[in-house]
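Q: I should like to take a close look at one part of this structure and then see how it fits into the rest. Please start from a single side chain and work outwards.
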Amino acid sequence: MLSVELHVHSSLSYDGRDPVELILEQAEAVGLDAIAVTDHDEIAASREAAARAPDYGLVGIPGMEISSKAGHVLGLGIEEPVPPGLSYATTVERIHEAGGIAVVPHPFQESRHGVMARITRDELAEADAIEVYNSRLLTGRANRQAERFAREYGLPMTAGSDAHVSEMVGQAVTRVGSDDRESGAILEAIAEGKTSVEGKRTPWRISFRQAAGGVKRRVRSRLAELSR
């Protein structure tokens, strides 16, 4: 079983802090086999991470976290960005057209752009996999809802640290049943449901720091736009 981190943000995300190098160093230090950097509506850092990952003994999986009209969707295994603002169904379709798989993160967390506030359960079931453990949890209720849904619909399950700072990389991982250390083989195994999940809650102080840092960066970005 390979240990895979599928949900990480770099400094290219409006709410991320650290560059690719620190993320890869942490992934190597905690013994991961593969990692996907999934920035919000950006893919450049993920492509960089995928290219540099072998230098750290890792498999790099390119991808991004796409802001569909319904909420967030992870596009894994794509090389070109899928634009934000499309419908949920079109976003999933575009990911597939790009050769990737669509994984829905924290679907039942409405406050964090979970899609279930705006789509039906049958629509959610069109995803290739459901993130059933997100380490940035409050009570764990949303994770439990996601797991029950995935089991009910027979969908593959993943986990993700949703790390916005490098030290949280590997907080939650997906164990993938693949003997082939290659991005495409790993994603194929995920889509086939050859996964198990494990993880730990992100400490409150880290969650607060991540959230506060994201607010500060959004304000700075907005002020910079207004000053142009």
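What is the relative accessibility of K194, and as what does K194 count on that basis?

A: The model is a predicted one, and every value below is computed from it. K194 has a relative accessibility of 43% and therefore counts as partly exposed. The reasoning rests on two cut-offs, because a residue is called buried under 20%, exposed over 50%, and partly exposed in between.

The side chain of K194 meets that of E192 in a salt bridge, with a distance of 3.1 Å from N to O. E192 is likewise partly exposed, at a relative accessible area of 45%. Side chains of opposite charge can pair when their charged atoms come close. The protein has 10 salt bridges by the rule used here, and two others deserve a description.

One of them joins E167 to R17, at 2.8 Å from N to O. This pair links distant parts of the chain: E167 lies in the loop between β8 (157–160) and β9, R17 lies in the loop between β1 and α1 (20–29), and the two are 150 residues apart. E167 counts as partly exposed because its relative accessibility is 32%, and R17 is also partly exposed, with a relative accessible area of 35%. D18 belongs to this arrangement too, since R17, D18 and E167 are linked in a network of salt bridges.

The other joins E48 and R52, whose closest N and O atoms are 3.0 Å apart. Here the partners are 4 residues apart in helix α2 (residues 44–52), so they are separated by about one helical turn. An α-helix has 3.6 residues a turn, so residues three or four places apart point the same way. E48 is partly exposed, with a relative accessible area of 35%; R52 also counts as partly exposed, at 27% relative accessibility.

From the salt bridges, the description can turn to the sheet. Five strands form an open sheet in the order β3-β2-β1-β9-β10, with mixed pairing. Its edge strands are β3 (59–60) and β10 (195–199), each of which pairs on one side only. Strands of a sheet pair through backbone hydrogen bonds, either parallel or antiparallel. β9 and β10 run antiparallel and are joined by 5 bridges. Within this pairing, T174 has V197 of β10 as its bridge partner. β9 (residues 172–176) is also joined to β1 (residues 2–8) by 3 bridges, and these two strands again run antiparallel. In that pairing, L2 stands opposite V176 of β9. Because 4 of the 5 residues of β9 are buried, this strand is largely enclosed by the rest of the structure.

A second region shows how burial appears in a helix. In α3 (residues 88–97), the residues Y88, T91, V92 and I95 are buried. They cover an arc of only 95° around the axis, which means that they lie on the same side of α3. The face turned away from this buried side carries the exposed residues A89 and E97. Among the elements that cover the buried residues of α3 are β4, β5, β6 (101–104) and α4 (121–124). Just after the helix, G99 takes a positive phi of about 85°.

Two of the buried residues of α3 also appear in the surroundings of S68, a residue in the loop between β4 (63–67) and β5 (72–76). Leaving aside residues up to four places away in sequence, S68 touches V73, G85, L86, S87, Y88 and T91. S68 has a relative accessible area of 8%, and it is therefore buried.

These parts belong to a protein with 7 helices and 10 strands. Buried residues make up 55% of its 228 residues. Of the contacts between residues at least 6 apart in sequence, 68% join residues at least 24 apart. The protein exposes about 10,200 Å², of which carbon and sulfur atoms supply 49%.

To return to the starting point, K194 is a partly exposed residue whose side chain is engaged in a salt bridge with E192.

Notes:
Residues are numbered from 1 along each chain as its sequence is written. This is a predicted model: local features need pLDDT of at least 70, side-chain atom pairs count only at pLDDT 80 or more; totals for chains, interfaces and linings use all residues. Side-chain values use heavy atoms; hydrogens and water are left out. Buried means under 20% relative accessible area, exposed over 50%, partly exposed in between (1.4 Å probe, protein chains only). Contact means heavy atoms within 4.5 Å. Accessible areas come from the Shrake-Rupley method with a 1.4 Å probe; for residues, only the protein chains shown count as cover. Two strands pair if DSSP finds at least two bridges between them. The arc is that of the directions from the helix axis to the C-beta atoms. A salt bridge is a side-chain nitrogen of Lys or Arg within 4 Å of a carboxyl oxygen of Asp or Glu.
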